Amino acid sequence: MSRYDEEAKYDRPKRRTRPRTKDRPSYDDAVIGFVFTRDRGRYACWVDDADGGYEVTAMKARQLGRTGVIVGDRVKLDGNSTGDEGTLARIVEVLPRTTLLRRSADDEDPVERPLVANADQLVIVVAVANPEPRTGLIDRFLVAAFDAGMRPLLCLTKTDLADPDPLLAIYRPLGVESVATQQGGDLSELREQLDDRTSVLVGHSGVGKSTLVNGLIPGADRAIGVVNTVTGRGRHTSTNTLVLRLPNGGWIIDTPGIRSFGLAHVDPDKLIEAFPDLADIAETCPRGCTHTADAPDCALDEAVAAGRADADRVASFRRLLASREGRDLRETEETT
């Protein structure tokens with residue numbers, strides 16, 4: 001018998017590793033936290049308790065794999081969730097989201113980029129002057145709000161520099177609520193709209209988001225920039241998304257200033273659902289109707305002609321559709 005035949009009679013050693021179990025921990029006793037910022041793989045979470053709450057630093061557990069954790073997420077925390085200095089908890093589960101604010105890199109990229117979870121209001125901060133308002137970006141923010149199921153609110157700043165009525169007239173047919181502010185002015189009306197809500201502030205750099213945050217939350221100390229007198233654009237000051245608690249209840253999520261907002265991920269049929277009166281009419285449209293001004297036999301046109309739909313409201317809705325399809329003037333993105 002050859003040496004090879006002798007070796008062939010030996011069996012391969014059996015594995016001594018334990019088989020993987022299908023049972024997974026339930027984490028029923030895990031602490032529920034609210035993610036309010038992220039920094040280099042560490043998540044700062046707020047945990048409510050009888051004394052008001054405390055901050056916990058956590059990392060994402062390996063078992064979550066590619067599951068993303070973003071600002072606004074409600075998560076289950078395992079491990080050391082006391083919040084004591086030097087401790088680190090684990091995020092073991094992301095709870096279902098009620099809303100999700102998203103954008104894409106541009107209008108040709110269908111890959112969405114989640115920004116904020118579980119917010120119920122999108123506050124679109126717009127300066128009526130210095131810098132001049134850009135309706136194309138406002139329209140895009142509105143589309144994103146309606147797509148996410150969030151309530152949009154127009155917050156006009158620097159109204160001491162120009163009359164806000166011409167801008168408000170553009171959005172009045174859509175039924176979007178608004179508040180007007182000026183530097184150093186009374187913010188009580190804005191506070192009423194923010195109290196007991198989780199609100200995301202979005203807008204160009206230089207429109208006054210950080211000034212508003214500092215006025216609403218004493219001690220917030222958000223950096224304030226200036227507007228370039230040549231380009232009319234603001235200098236980028238806020239560099240991260242941060243959640244701040246309001247004194248009377250509720251949260252503000254302050255985001256970095258941006259100049260573009262891709263909407264390739266938005267389904268036009270979902271957009272019209274944000275306008276129930278138009279959605280009911282659109283149910284009689286031909287299959288595949290885009291509801292745009294050049295769409296043949298669109299029921300919206302028939303309804304306007306018959307007086308069953310407001311022409312200005314239909315025109316405003318179609319302007320949002322045009323914005324979603326990238327037919328407005330797009331600018332270079334300032335920050336990712």
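This text leads through a sheet, a helix and a cavity of the structure. The model is predicted, so that local features need pLDDT of at least 70 and side-chain atom pairs count only at pLDDT 80 or more, while totals for chains, interfaces and linings use all residues. Residues are numbered from 1 along each chain as its sequence is written, and side-chain values use heavy atoms, with hydrogens and water left out.

We begin with the sheet. Six strands, which like the helices are DSSP runs numbered from the N terminus (strands are E, at least two residues; helices are H or I, at least four), form an open sheet in the order β10-β9-β8-β11-β13-β12, with mixed pairing. Its edge strands, β10 (177-180) and β12 (242-245), each pair on one side only, where pairing requires that DSSP finds at least two bridges between two strands. Within this sheet, β11 (residues 198-202) and β13 (residues 251-254) are parallel partners joined over 4 bridges, and L201 stands opposite D254 in β13.

Next comes the helix α2, in which 13 of the 14 residues are buried, meaning under 20% relative accessible area with a 1.4 Å probe and protein chains only. After α2 comes G149, whose phi is positive, near 80°.

Strand and helix meet again at the cavity lining. Both β8 (121-127) and α2 (135-148) supply at least two residues each to the lining of the largest cavity, and β8 gives the largest share, 4 residues. A cavity is a set of points on a 1 Å grid over the protein atoms alone where a 1.4 Å probe fits but cannot get out, and lining residues have an atom within 4 Å of a point.

Key. Buried means under 20% relative accessible area, exposed over 50%, partly exposed in between (1.4 Å probe, protein chains only).
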